[in-house]
Amino acid sequence: MTRRDLLGDLLIGAAAVSLTALSPRVVFAQAASLQAANLICKPIPSSGEMIPVIGLGTARRYEEIRFDAELPPLRDTLQKFKEFGATVIDISPTYGTAEDVVGRILDEQKARPGLFLATKVSISGREAGVAQIEASFKRLRTDRIDLIAVHNLRDTETHLATLRALKQAGRIRYVGCTTSFDNQYTAFEAMMRRETLDFIQVDYALDNRNAAERIIPLAKDRGMAVMINLPFGRSRLFAAVQGKALPEWAAEFDCKSWAQFFLKYLVAHEAVTCAVPGMARAEYVIDNIGAAQGRLPDGALRKRMETFIDGR
Ligand SMILES: NC(=O)c1ccc[n+]([C@@H]2O[C@H](COP(=O)([O-])OP(=O)(O)OC[C@H]3O[C@@H](n4cnc5c(N)ncnc54)[C@H](OP(=O)(O)O)[C@@H]3O)[C@@H](O)[C@H]2O)c1
């Protein structure tokens, strides 16, 4: 964004203040909140609620926080995420300290309102599941969790009964199931045909497209929102393009980085609702949220992206 564009946007934003009177910090804050209004959102099919197409994953980098000294980068990450108007945070009770860390930081920053907290139930047995879910409410320091999903098909029917009762009681808003393993896809598909769900979560990346063959189209047919995990295949995709320049045609869909290239490919799929890249650095938020802004690639460009990555 040039200075002229920025000033233009600020004026469109009707800041009835003389710009010369604004400090650089104020100008930046106003620009950030104007950007926040521009995030691409998609509807959750079961409710029509709109959510931004880029969320945040907390596996690994939030899992082993032992000392307060490790918290500042995570605080900055979550603060920046909220400043941009992003909302979806994906957690799990199986991610070590992640629920506790996210709950603590959101509490400190008074940031819970407006965020979309998605956690999981990942244990066998009804009572153990209920206990795990109650512990998630405590660790996340909230009385309402937006989405709880059964993790990796673990005791699915038992937990879906619990989750539906919680939804009925208004303690959670959406129910889902996750997987990130090809060898679960057949059972996952059967479960999707059998159950009524608000969300599925599945692994999908530019170099890992199996979920687009049957799972994602089935979600569309069944009216289920699709949240994408492992959108970079951990860091596999970045390694695949190391030392390579972004192709010029990436500008055709307002893509300025490899991270945006990989994420825009995913969220441009008509049945994908959002992706949750793992982020524990504020600069990753700035970069990845860029994938929820500007144009997205059309079908022909998505094919070109596949050919590019397959031929690397
Ligand atoms: N079955 C399930 O339910 C399931 C399974 C797996 C994952 N998940 C969810 O999906 C989320 C995403 O998976 P993931 O975090 O394992 O993998 P990922 O999103 O594919 O990759 C995340 C890694 O990519 C790197 N990265 C992120 N943004 C970047 C940027 N702009 N530029 C350069 N590098 C960047 C970071 O590596 P560094 O940190 O090393 O810099 C980050 O740890 C998880 O956090 C979790 O919430 C769910």
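Among contacts in the chain between residues at least 6 apart in sequence, 77% link residues at least 24 apart. The model is a predicted one. Its chain contains 12 helices and 10 strands, and 39% of its 312 residues count as buried.

Helix α3 offers a view of how one element is placed within the chain. This helix covers residues 72-83. Its 12 residues, at 1.5 Å a residue, should span 16 Å, and the end C-alpha atoms are indeed 16 Å apart, so the expected and computed values agree. Within α3, the buried residues are Leu74, Thr77, Leu78, Phe81 and Lys82. Viewed down the axis of α3, these buried residues fall within an arc of 125 degrees, and they therefore line one face of the helix. The packing partners of the buried residues of α3 are strand β3 (56-57) and the helices α4 (98-108) and α11. Just after α3, glycine 85 adopts a positive phi of about 85 degrees.

Helix α11, one of the elements against which the buried residues of α3 pack, also leads to the ligand. Spanning residues 282-289, α11 supplies three residues to the shell around the ligand, the largest share. There are 29 residues around the ligand, of which Gly57, Ala59, Asn229, Ala259 and Gly278 come nearest. By class, this shell comprises 11 nonpolar, 13 polar and five charged residues. Strand β3 (56-57), another packing partner of the buried residues of α3, is likewise relevant here, as Gly57 is among the residues that come nearest to the ligand.

Note on methods: Residues numbered from 1 in each chain as written. Predicted model: local features only at pLDDT ≥ 70, side-chain atom pairs only at ≥ 80, totals over all residues. Near = placed C-beta within 6 Å. Helix = DSSP H or I, 4+ residues; strand = E, 2+ residues; numbered from the N terminus. Nonpolar A, V, L, I, M, F, W, Y, C, P; charged D, E, K, R; others polar. Buried ≥ 20, exposed ≤ 12 C-beta atoms within 10 Å, placed from the backbone. Contact = placed C-beta atoms within 7 Å. Expected span 1.5 Å × (residues − 1). Arc of directions from axis to C-beta.
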